[in-house]
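Please look over the model shown here. The notes go through helix packing first and then single loop residues.

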Amino acid sequence: MADSDVIISPTGWVADQARTYEESGGTKGTTIQGVPCLLLDYKGRRTGQWRRTVLIYGRDGDDYLIVASYGGSDQHPQWYVNLQAEPDVRLRVGEERFAARAETLSAEEKARVWDGLVELFPQYAQYQKKTSRDIPVVRLVRQRG
């Protein structure tokens, strides 16, 4: 997939950071407020078009964890809605680019990792208090082969 085939987020700062991250080969733009971030490429559920956003991530063993917080909005972010329809994604984490599969954590799994994610990015706790929606946590599992 050529980079020109990907639609970057329409949000100004996200688009700027995504371009910096990708154009530098993963050597610049790799943090948000000092916290590590990755590039998530996902397929639009209606258009089939690849899209890109920048997200903070945590780790759970070899897997990456992302939080569908949307700043505490009462709606899920569009990237999350799209992942539910098409869980096969592509990631850039630093200088590495690879395919992954997304899966929403169960309530038990989320409870196990949530405190670590809040420690990484304390605003997540505020976002959860701000909304009645249970904020999903997504595991990104590297695909081999």
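What follows is a short report on helices and loops.

This is a predicted model, in which local features need pLDDT of at least 70, side-chain atom pairs count only at pLDDT 80 or more, and totals for chains, interfaces and linings use all residues. Residues are numbered from 1 along each chain as its sequence is written, and side-chain values use heavy atoms, with hydrogens and water left out.

**Helix α2**

Helix α2 spans residues 78-85. Helices here are DSSP runs (H or I, at least four residues), strands likewise (E, at least two), numbered from the N terminus. The buried residues of α2 are Trp-79, Tyr-80, Asn-82 and Leu-83. They fall within an arc of 160° seen down the helix axis, so they line one face of α2. That arc is taken from the directions from the helix axis to the C-beta atoms. Buried means under 20% relative accessible area, exposed over 50%, and partly exposed in between (1.4 Å probe, protein chains only). The cover over these buried residues includes strands β3 (35-43), β4 (50-56), β6 (63-67), β7 (88-93), β8 (96-104) and β9 (137-142).

**Helices α3 and α4**

Helix α3 (residues 107-120) packs against helix α4 (residues 123-130) at about 120°, with the axes 8 Å apart. That makes α3 oblique to α4. Angles under 35 degrees count as roughly parallel, over 145 as roughly antiparallel, 65 to 115 as roughly perpendicular, and the rest as oblique. Axes are lines fitted to C-alpha atoms, for helices over the stretch in contact, and angles run from 0 to 180 degrees between N-to-C directions. From α3, Lys-110, Trp-114, Leu-117 and Val-118 meet Tyr-124, Ala-125 and Gln-128 of α4. Contact means heavy atoms within 4.5 Å.

**Loop residues**

Three loop residues are listed here with their places and accessible areas.

| Residue | Loop between | Relative accessible area |
|---|---|---|
| Ser-9 | β1 (6-8) and α1 (12-23) | 13%, buried |
| Gln-33 | β2 (31-32) and β3 | 64%, exposed |
| Tyr-70 | β6 and α2 | 45%, partly exposed |

The side chain of Ser-9 reaches the backbone nitrogen of Thr-11 at 3.1 Å. Ser-9 also touches Val-14, Ala-15, Arg-52 and Thr-53, not counting residues up to four places away in sequence.

What is the phi of Gln-33? Gln-33 has a positive phi of about 50°, although it is not a glycine. Tyr-70 has a positive phi of about 50° and is not a glycine either. Most residues other than glycine have a negative phi.

Key: A polar contact is a pair of N or O atoms within 3.5 Å; within protein, one must be able to donate a hydrogen and the other to accept it, and residues adjacent in sequence count only if both atoms are side-chain atoms.
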